[in-house]
Amino acid sequence: MILDPANGSAFGVAWNNDPTNDTYYTDDWDTSNLFYTEDFGSTWSNYPNPAGSNARGMDFDGNDYWTTNDSGGGLWRFQPGVGQSNHAIPEITSQPSGVAVFPYEGDIGVAVTSYTVYNIWFYVWDGADLTYLGSAPCPASCTSSLGLAYSGNTSTMFWSYNTASGYKISEFSFDISVALEQSTWGSIKTSF
């Protein structure tokens, strides 16, 4: 697919997962536009990007789009041209780069990478709040951590990154287990 000529610094891309009325979106780290096409790149239009030119990774959860904000602006959840909300991710102290959404216990799991701290941070969106679940080291050594994508077919993630020998993509599986806090255990114990 040929990008809009004005989209010369594309970073994140997302698809609306609708093969009969497909729409592709891409952001750009050099402009404040979100570019989209509904005809596989023959024509392009744009909306203002909620993260401006700070948007990096992007994904679609079936209803909303998500993008990171590389200047410490957290995560943006939005519907292009309709509405947006910003969610703080203070656990990530370096520039966020990639984002992927996935099903998590009836809610939406959100995974985020950053350029220079080589972890993947996990959150859950319950429709009202974004809650931090924890983090794990990236699955390989790298010189920069870039994008994430989730495959519903295999329930695995794809992670793009750079090493001294060039750019790579790795596929990995993951399990999320959240430890009970002592106060939670006390509440559970007293209910028996």
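How much space lies in the largest pocket? About 600 Å³ of space lies there, in a model that is predicted. This briefing treats the pocket, then strand E14 and its partners, and lastly an open sheet that includes strand E5.

**The largest pocket**

- The lining of the largest pocket consists of 27 residues. Those nearest the centre of the pocket are Met58, Asp59, Leu148, Ala149 and Tyr150.
- Several strands give two or more residues to this lining, namely E1 (10–15), E5 (55–60), E9 (96–104), E10 (107–114), E13 and E14.
- By residue class, the lining holds 17 nonpolar, 7 polar and 3 charged residues.
- Rolling a probe the size of a water molecule over the atoms reveals where empty space remains.

**Strand E14 and its partners**

- Strand E14 spans residues 156–163 and is mostly covered, with 6 of its 8 residues buried.
- On one pairing, E14 meets strand E13 (residues 144–151) in the antiparallel sense, over 6 bridges. Within this pairing, serine 145 stands opposite tyrosine 161 in E14.
- The hairpin of E13 and E14 has 4 residues between the strands. In that hairpin, serine 155 takes a positive phi near 55°.
- E14 also runs antiparallel to strand E15 (residues 166–172), to which 7 bridges join it. Here phenylalanine 158 stands opposite glutamate 171 in E15.
- The connection from E14 to E15 is a hairpin of 2 residues.
- As a general point, side chains in a regular strand alternate between the two faces of the sheet.

**The open sheet with strand E5**

- Strand E5, which contributes to the pocket lining, belongs to an open sheet of 4 strands in the order E5-E6-E7-E8, with antiparallel pairing.
- The edge strands of this sheet are E5 and E8 (83–87), each of which pairs on one side only.
- From one strand to the next, the twist of the sheet averages 20°.
- E5 pairs with strand E6 (residues 65–69) in the antiparallel sense, over 4 bridges.
- The bridge partner of aspartate 59 is tryptophan 66 in E6. Asp59 is also one of the residues that lie nearest the centre of the largest pocket.

**Points to retain**

- Which strands pair with E14 in the antiparallel sense? They are E13, over 6 bridges, and E15, over 7 bridges.
- Both E13 and E14 are among the strands that give two or more residues to the pocket lining.

Technical notes
Residues are numbered from 1 along each chain as its sequence is written. This is a predicted model: local features need pLDDT of at least 70, side-chain atom pairs count only at pLDDT 80 or more; totals for chains, interfaces and linings use all residues. Side-chain values use heavy atoms; hydrogens and water are left out. Buried means under 20% relative accessible area, exposed over 50%, partly exposed in between (1.4 Å probe, protein chains only). Two strands pair if DSSP finds at least two bridges between them. On a 1 Å grid over the protein atoms alone, a cavity is a set of points where a 1.4 Å probe fits but cannot get out, and a pocket is an open set with protein on both sides within 12 Å along at least five of seven lines; lining residues have an atom within 4 Å of a point. Grid points are joined across faces, edges and corners, and a volume is the space filled by probe spheres set on the points. Ala, Val, Leu, Ile, Met, Phe, Trp, Tyr, Cys and Pro count as nonpolar, Asp, Glu, Lys and Arg as charged, and the others, Gly among them, as polar. Axes are lines fitted to C-alpha atoms, for helices over the stretch in contact, and angles run from 0 to 180 degrees between N-to-C directions.
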